[in-house]
Amino acid sequence: MKPLFIGGEMAGWSDLDGVRGPGPARGASLAALLRAAVPPGGRVLLAGPHDPALVGALPAARLTLLVRGVRDAEALSALPGVTVCCGGLDKLVAEPPFDTVVALDGVARLSSMECDEFAWGEAFEMLVAALRPGGRLLLGMPNALGVDRLVAPPTEPGDGDWAPAGEYDPTRPAGLTRARARLAAAGLGVDAVYAAYPSPTAPSALLGEAILADDAVTGFVAATLGRSFAPPGVQPARVGPGPGRPRPVGWAAVLTEPGGLARQALRQGLAGALAPGWMVVARRASRDRSAGLPGAIVDGRRLDHDPVRGWVGEDGAAVPPGRTLEDLLMVAASRRELGSVRALLARWQRGMAAGVPADQVVVTADGTFVALAPAREPGAALGKLAATLVRGGLADAWPAQAGAADLAVTLAAVAGAAADARAAGVLAVDGLVAERDRLARALAAARAKAAWYERTLADRESALAEARRVAELLSASWPAKAGMAFVGGVRLARRRARAVLRRVRPRV
Amino acid sequence: MHHANHYYGHSHVLARYCGLAQRAAPRIHGYLQHGWNIGDGLADDHEFVTGTPVFLWSERTRRRAWSMGRRELYVVGAPFAYLLAMASPPAAGREGTIWYPFHGWEGQHVVGDHGRLIDQIRATEPGPVTICLYWQEFQSRRLRRRYERAGFRVVCHGYRGGWWRDLDPGFLDRQLGELRRHARVAANRLTSAIFYGVLAGCEPAVYGDPMLLERDAGAHGGHARIRRQWAELHGERVDPALAREAAVAELGADRLVPPAELRHLFGWHA
């Protein structure tokens, strides 16, 4: 069916292609959320850029898609059984209310450059107005101070940021607490709020408030946060030395490694507050009804809490309780319980999980190692742990002053493993600064050593010359000694005579 | 900087607004939008050097240009809006319609039937009609006579100018004068002239064969998009309040910049 041009459509523009923006809301986890949270049947509005794959994930329903780019509208109109509206949200007023309104990308890309820019509050009001009483709203909310923003270097505004009110928009609720109040004021009950990692548009993990607060599975959650930023097998973006100047490590275009910061936030109980975004599931009704909604979604797999078995995946597998191996190693290293460190390292490196990074291994109460990521090279896993120890200020528990690579080799020796340990990952800006400081210290030490060698060498040389003279004197025959003494006397007499002549006839 | 800054006496009008009294066209340090369009405000056939400031008429055009990758964009409003801000109040008495048959510019060729258009104008316009032709068409004696034989008065506002030759500092003044003599402004396509007319107090109308250009690429959605996006401005009768709102927005008449700031933006230092 041809798209309906409702007004405010943007000619030649696409949000779906990701060329001039972050691309559409997408991924297996958002698809799982739609399957769980959108009631089957009824009329559904999908407002803003959503990956066509998400449309397929929706339960059978009468579906209306709203996009602003003409190119997107034309591409989406090829999908079977959907109505595609192209233009600004404000032009959708003629539509009767919907049973479900989905805006996983949030409200920022519901404004068109052909219309006046809406503030967050205006767009939110329009979405709520499009919802029938009792209907469900799924709304994405990016966090202006999320982990992804905290680690980002200064960036130029893109082609989509023609009027980026963003965090200065006074109608945008500041943080989750005020967002809840804003929803309540609009007559909505909040059924669930998920912290979205690693980005608001393409989250692999959607973590409900209960699982974030559950100490029993903190290892699993920490591993999930870390993995979301660095999925196994995906190389982080590298900047720095070009192909002509090979170096062992480049540096990533981040201020600090985001997975580490997210785990730090989790340790402080702030993983929800500092999430890159939130997905809010609400209903236009006074009472909340969270029944049937997942407790979390990780890599497209839903998790629910069972009063007896704890957190259980949709396939029936229980989430391993416990902390990560990395956490346990950091605690032991910080207390200098090197015996415990040695034992943990040995079990890890001699077991099946040797190639799994320590932050992706959960150690359960009975001491079982549960790997949450596929195994790769053990050397790289040791390198990653070494980098974490260096960042945590624990490198000096062992003699390994030459940085993470050196420490990785030491750790392999401590573990009694034959792994080809090496530095892994890329340096972020904070790592570069620390590395610069370490190199400056190493250089100062090397210079001091060189100066000391120089002094020692000079002393040795003069001692050696003296010793040689004595040796020569002692080793020569008697007439030779007399001869040397005579020649020495003649040379002395001649030098003295010249000195006297210079004084008497200074100009000759 | 660019010769197009002096089209239609634009730079002269702005110099007058800024209190600069000089005969030669003052050099604007940047590129000034010279006509209403639905793209980035710049003309497709003009050389544009990245890093040159661009002075645009409206906020919508700025947003659109930004989305197309342009930067250093500043909204100053249309020179015609400045002229109107400086002009003394109009003399009373407006009569008839000033009609702008859509023109191509130098090097373009319009295809369409002037005869049918004349019949339609006659059937639609209640009072006397003034036809304003582009200078190229005005030079065609045959075309001029055709409109005159239909009982219309035929005028031309002057030369557009180009490459610093045939500059016409009085162009917009003449246009304003003519617009203020008429109660209605009409054309077969929505163009700058319609917005100027609305801002000058005329009731607008857009109807008749749009006389598409021979090789109209339809850039940015083309004529079909203009019809859709500004549907309320098309027709023989148009809501004057809606038209005024659109004209103010498209000409940036609500975003005029004070003289001192404009001098600074253009690099005009006394």
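Which are the buried residues of H9(A)? In this predicted model, they are Pro258(A), Gly259(A), Gly260(A), Leu261(A), Ala262(A), Arg263(A), Ala265(A) and Leu266(A). Helix H9 of chain A spans residues 258–267, and because 8 of its 10 residues are buried, the helix is largely enclosed by the rest of the structure. The cover over these buried residues is drawn from several elements of chain A, including helix H5 (147–150), strand E7 (189–197), helix H7 (209–213), helix H8 (218–229) and helix H10 (325–334). Both ends of H9(A) repay a look. At the N-terminal end, Glu257(A) acts as a cap, with a side-chain oxygen 3.0 Å from the backbone nitrogen of Gly259(A). Just after the helix, Gly269(A) adopts a positive phi of about 70°.

Two of the elements that cover H9(A), E7 and H10, lead into loops with backbone features of their own. The loop between E7 and strand E8 (205–208) of chain A holds Pro198(A), and the peptide bond that joins Tyr197(A) to Pro198(A) is cis, with omega near 0°. The loop between H10 and helix H11 (338–350) of chain A holds Arg336(A). Although Arg336(A) is not a glycine, its phi is positive, at about 55°. With a relative accessible area of 38%, Arg336(A) is partly exposed.

Turning to chain B, its fold comprises 11 helices and 8 strands. Of its 270 residues, 54% count as buried. Among contacts in chain B with a separation of 6 or more, 66% link residues 24 or more positions apart. The accessible surface of this chain amounts to about 12200 Å², with carbon and sulfur atoms contributing 51%.

The domain assignment divides chain B into domain 1 (3–87 + 251–266) and domain 2 (97–250). Where the two meet, 31 residues of domain 1 and 34 residues of domain 2 take part in the contact. About 3000 Å² is buried between these domains of chain B, and carbon and sulfur atoms give 64% of that area. On the domain 1 side, Tyr8(B), Trp36(B) and Phe80(B) lose the most area to domain 2, and together they make up 28% of what that side buries.

A nonpolar core accompanies this domain contact. In soluble globular proteins, nonpolar side chains tend to be buried together. The largest nonpolar core here has 68 residues, of which Phe80(B), Leu179(B), Leu190(B) and Leu262(B) touch the most other members. Helix H8 (residues 192–199) of chain B supplies the largest share of this core, 6 residues. The core lies between the two domains of chain B, because domain 1 and domain 2 both give residues to it. The surroundings of Leu190(B) can be listed in full: with residues up to four places away in sequence not counted, Leu190(B) touches Trp36(B), Phe195(B), Val206(B), Ile226(B), Trp230(B), Leu233(B) and His234(B). A second, separate core of 59 residues includes Leu183(A), Val217(A), Val221(A) and Ala271(A).

Where do the two chains come together, and how many residues take part? The contact takes 14 residues from chain B and 17 residues from chain A. The area buried between the chains is about 1200 Å², and carbon and sulfur atoms give 43% of it. On the chain B side, Arg63(B), Trp66(B) and Ser67(B) lose the most area to chain A, together 48% of what that side buries.

Helix H2 of chain B, which spans residues 59–67, also contains Glu59(B). Is Glu59(B) buried or exposed? Its relative accessibility is 16%, so Glu59(B) counts as buried. The side chain of Glu59(B) makes a polar contact of 2.9 Å with the side chain of Arg62(B). Beyond its neighbours within four places in sequence, Glu59(B) is in contact with Val75(B) and Arg255(B). The loop between H2 and strand E3 (73–75) of chain B contains Glu72(B). Glu72(B) has a positive phi of about 55° although it is not a glycine. At a relative accessible area of 33%, Glu72(B) is partly exposed.

Methods: Residues are numbered from 1 along each chain as its sequence is written. Chains are lettered from A and ligands numbered from 1 in the order in which they are written. This is a predicted model: local features need pLDDT of at least 70, side-chain atom pairs count only at pLDDT 80 or more; totals for chains, interfaces and linings use all residues. Side-chain values use heavy atoms; hydrogens and water are left out. Helices (H or I, at least four residues) and strands (E, at least two) are DSSP runs, numbered from the N terminus. Buried means under 20% relative accessible area, exposed over 50%, partly exposed in between (1.4 Å probe, protein chains only). A polar contact is a pair of N or O atoms within 3.5 Å; within protein, one must be able to donate a hydrogen and the other to accept it, and residues adjacent in sequence count only if both atoms are side-chain atoms. Contact means heavy atoms within 4.5 Å. Accessible areas come from the Shrake-Rupley method with a 1.4 Å probe; for residues, only the protein chains shown count as cover. A nonpolar core is a set of buried Ala, Val, Leu, Ile, Met, Phe, Trp, Tyr and Cys residues joined through side-chain atoms within 4.5 Å. Domain bounds come from an automatic or database domain assignment. Buried area is the accessible area (1.4 Å probe) that two parts lose on being put together, summed over both.
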